[in-house]
Amino acid sequence: MRRLLVWTWKEAREHAARVRLLLVSIPVLTMLGAMIFREELQAGGSTGELTAASFIAWGLVLHALVVASGLFASDVDGGQPLPAQRLPGAMGTALGAKALLYMSTALAAFVVAALCVAGALWLMGQPERAWEVLTPWRTDQGEFTRCCALEALVFGVAVALSSVCLRNPGAAVALGAILWAIPGGAIAYACIEHRYLFPCHPQQLGVLALIVLGILAFALVLTWLLCRRRIGAPWRSAVTALALCLGLGGVGALHAAGSVRDYLDLQPHEAGWRISVACVGIDGRLAFTQVDRVHHAWPARLAGHGRSGWSSLSEARIIDLEGGTWRRVGRPGAQLTNLPVDFYMRGYAAPFLAARHVTYWEQFGLNEPAELFWLDGRSGALAHQHLEPWPDDRSRPLAQGLLRDLSTVRDSKGRRTWLWDGFLHREGSDDPVGVPAAAPALRAFPMDAIPGGWALRHRQGSMPKTAFPVVEAETGRVRSVPAREWSRAFLLSPGVVLYEERRPKVETRWTVLDLDSGRETPALGQVHQACSTLQDGRVVGTREDGDATAFVIWDPRTGAVSDLRSNAPLEGSGWARFTLPDTKGRLIAKVGDRREDRERGESTLVLVDPARVEVRPLLKPATDVDPYDVFAIDDDGSVLIVEEGRRIARLGPALGQRVVLFPRDPRTQSRAQEVK
Amino acid sequence: MNAIEITDVHQAYGRKRVLQGATLRVPTGATTVLLGENGEGKTTLLRLCLGVLKPRTGTVRVLGLDPVRSARRVREQVGFVPDKPDVYGWMTVPELFRFLKPHYPTWSEARAKAIVAALAVPTDRTFKHMSRGEGMKAMLAAALAPDPEVLLLDEPFAGLDPLVREEVLRQVITAVGDRPRTVLCITHDLDVAARLADRIAVLSKGVVVREGPASDFVAPREEAVTPRALREAIAHAAGLAAVGAR
């Protein structure tokens, strides 16, 4: 203990002038910086937080330049054993004293810098932010500070490690910067190029910084201890220590690389395989799927999140439903774009079976544009590619064709209509109607369609609470629907909207609204629990019929209600959830018993075919229907579904008929088929 | 009984071989002077005894202990004087003593003060502002203050003016005369060797080529060990080693 005291005294005496210089420089430079970057510091959000965090980090960088650069200089010489090496028990004690000095001065630099930044914010009239800066461990905003401070500490340890070999502080700083930049550059590259895999969040970057800090600190201790028996050869000690650390790190990296390789090489039978969304090509042979692999274990664990809290790896894959094979499309992270990817809309979007083309995009890096690829819907081959958001001459007609293929919205003459580049287009017409309000919605894909028109979704910014704009398919006019954006609304006819009003603990109420006169009329009555509209303006709904669910069609023009016949009894309490009609006007409903206590009862999938005035159950009632996602309806009335996110199966056309199309049984490579 | 036993030690710096099977016995209580030309491995031998180097092959024992494995115990009983002051330039002598004291359980404040007074070491100046001779006297005082069993001297007399050299030499002789103390001293100064040595060892080309009582290095007709006689004896020993190497 007495040895530690005298070594600490020696270190303090030796570095006193530097510490004084540091503690004077930080306030002066911080105040100077606060004056120069006043606007950035005052700004709200991440800009202001990052600026404040940068100022604090610069205090620690200054600490590295002033203190760490000369930390070992006086105790490692080129020629002879100095006191630290030849006095009894001095090596460990000297290292402990140096660590004590380094940490205490780093803490002092951090505190002084934080006080200066807080003072500057307080003078700027932001006392709350000043308090947040002083307590970075208490707030989410402190993540920037913690991460930046850790990065600066890594730099400091790298400089201290260099000072074991180089007596010249400038040279130690230069070498330290190189040591810092190598892992820093690798991490930055990984975050930019492979951010689907590596953590880019400040908290997770902080974990990586801690790992690098640990490796460098270990190398520093090792170098120091090796110096004891290598008088005059600190370089050899440093190289040996770094090689050893890199060797150990390399073993860890190899293990991690193996883990990443397994993660990237996603196999359908593995537990992590999840098909989140899918569509089929024009002939129904190829399924274009977005496959997610659930959380990658090690970065999430390193970040202290266990298996949650880590974004999953998403890939675009083409599955041959006839051959049972699959292949990846594009790089990991590629996103199919003409799929109903929105979670809310998944159960609401139209099943389609007519895409001549499928698109996906790849994003290059942070704040860079994406590249849009066009795949042939029949073969899956690459048809065209261009940079978004500047479609070229080749991609414009492709986009038009894709929107026409996938459009479920028709006008009164039965022509498919779609929105593109601020114009309402109609099938077979070369005279598009200008819709200036829809111009920003360049990608108003069918997921935004509502029968009779399109809801102009706000992809960014705050959502309107009480109204949302709708483009009428018939006229191209933009009307404001006085309902919440994500509530169900249908355009029955130009200027006439049917929308639902949901209130907590109150029965869902349907209202017909004349947008021109503002007249509201209650519609459907209490018997209609759920509904969807057809292209001709009629409404399909359900009602409770004793212990069963009955389907009805309501014609708003005449007020007539007619029943749809079912070839099997439909149990339930009238609860149903519809998809939008497909291109042939058919729709899928999940029907069942949804009790008030929200416990899941039995339910089933039914195909509603208004043209044949019939409802056809596809499954026998069961409690596990919810995991089924229907993504295509075939001509024969069978549907393609994704089961539990893992299998693609065909249901129907007969009740209970089910064929698993993918993945095949690995032993027999045959389709699993069963008829219940 | 030998205080220091070096047996068949090989040592190299990179590709440069310094010691090539050196063997040396330093009896307890004797003053052994190690002679040899520059680059023959004398300092390396001293560093091996101090435990700051580990021999590639061979064994080193100081007071019966391995100086690498039992570094702390060995260093607590060994005083070391380097060839130039190597302590922190901003320290004064009292600060140096305060700094060194916790490292040596046998440190004697009174002894340190007595040596400082005897050598007239300035106590109010930092090492940075001392002359080489003053610095070396302070280093000798620091080495003797713990009353070590073994004293290792790495050319402490080199580069000193004659007066200071005489002062340092007398202090060493006094320290040796205080009580039985083992001294291993490297020097090029044959006059020093002649006055100090009980035994002399000659290191040439990494091997101790001759070792024995100081009187063995002179002809029987000589009355005392003199620098001239020593020079002739060393030249003879080195010549024999060169013939052996061929």
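**Reading a sheet and an interface**

Guide: Let's start with a strand pair in chain B: β3 (residues 31-36) and β7 (residues 182-186) run parallel, joined over 4 bridges. Keep in mind that this is a predicted model.

Visitor: Which residue in β7(B) is the bridge partner of Thr31(B)?

Guide: That's Val183(B).

Visitor: And how do I read the whole sheet? What order do the strands of chain B take?

Guide: Follow the pairing from strand to strand. Here you get β5-β6-β7-β3-β8-β9 of chain B, an open sheet of 6 strands with mixed pairing. At the edges sit β5 (78-81) and β9 (207-213) of chain B, each pairing on one side only. From one strand to the next, the twist averages 15°.

Visitor: Which helix lies across β5 and β6 of chain B?

Guide: Helix α5 (residues 132-144) of chain B does, and its direction is at about 175° to β5(B).

Visitor: Now the interface. How many residues of chain B are in contact with chain A?

Guide: People often describe interface size by the accessible area lost when the parts come together. Here we have contact counts: 19 residues of chain B touch 20 of chain A. On the chain B side, α1 (42-50), α2 (71-76) and α3 (93-100) are the elements that give two or more residues. The largest share, 3 residues, is from α2(B). By type, that side of chain B has 11 nonpolar, 1 polar and 7 charged residues.

Visitor: What about chain A itself: how many helices and strands does it have?

Guide: Chain A has 13 helices and 33 strands, and 43% of its 676 residues count as buried.

Key. Residues are numbered from 1 along each chain as its sequence is written. Chains are lettered from A and ligands numbered from 1 in the order in which they are written. This is a predicted model: local features need pLDDT of at least 70, side-chain atom pairs count only at pLDDT 80 or more; totals for chains, interfaces and linings use all residues. A residue is buried if 20 or more other C-beta atoms lie within 10 Å of its own, exposed if 12 or fewer, and partly exposed in between; C-beta atoms are placed from the backbone. Two strands pair if DSSP finds at least two bridges between them. Axes are lines fitted to C-alpha atoms, for helices over the stretch in contact, and angles run from 0 to 180 degrees between N-to-C directions. Two residues are in contact if their C-beta atoms, placed from the backbone, lie within 7 Å. Ala, Val, Leu, Ile, Met, Phe, Trp, Tyr, Cys and Pro count as nonpolar, Asp, Glu, Lys and Arg as charged, and the others, Gly among them, as polar.
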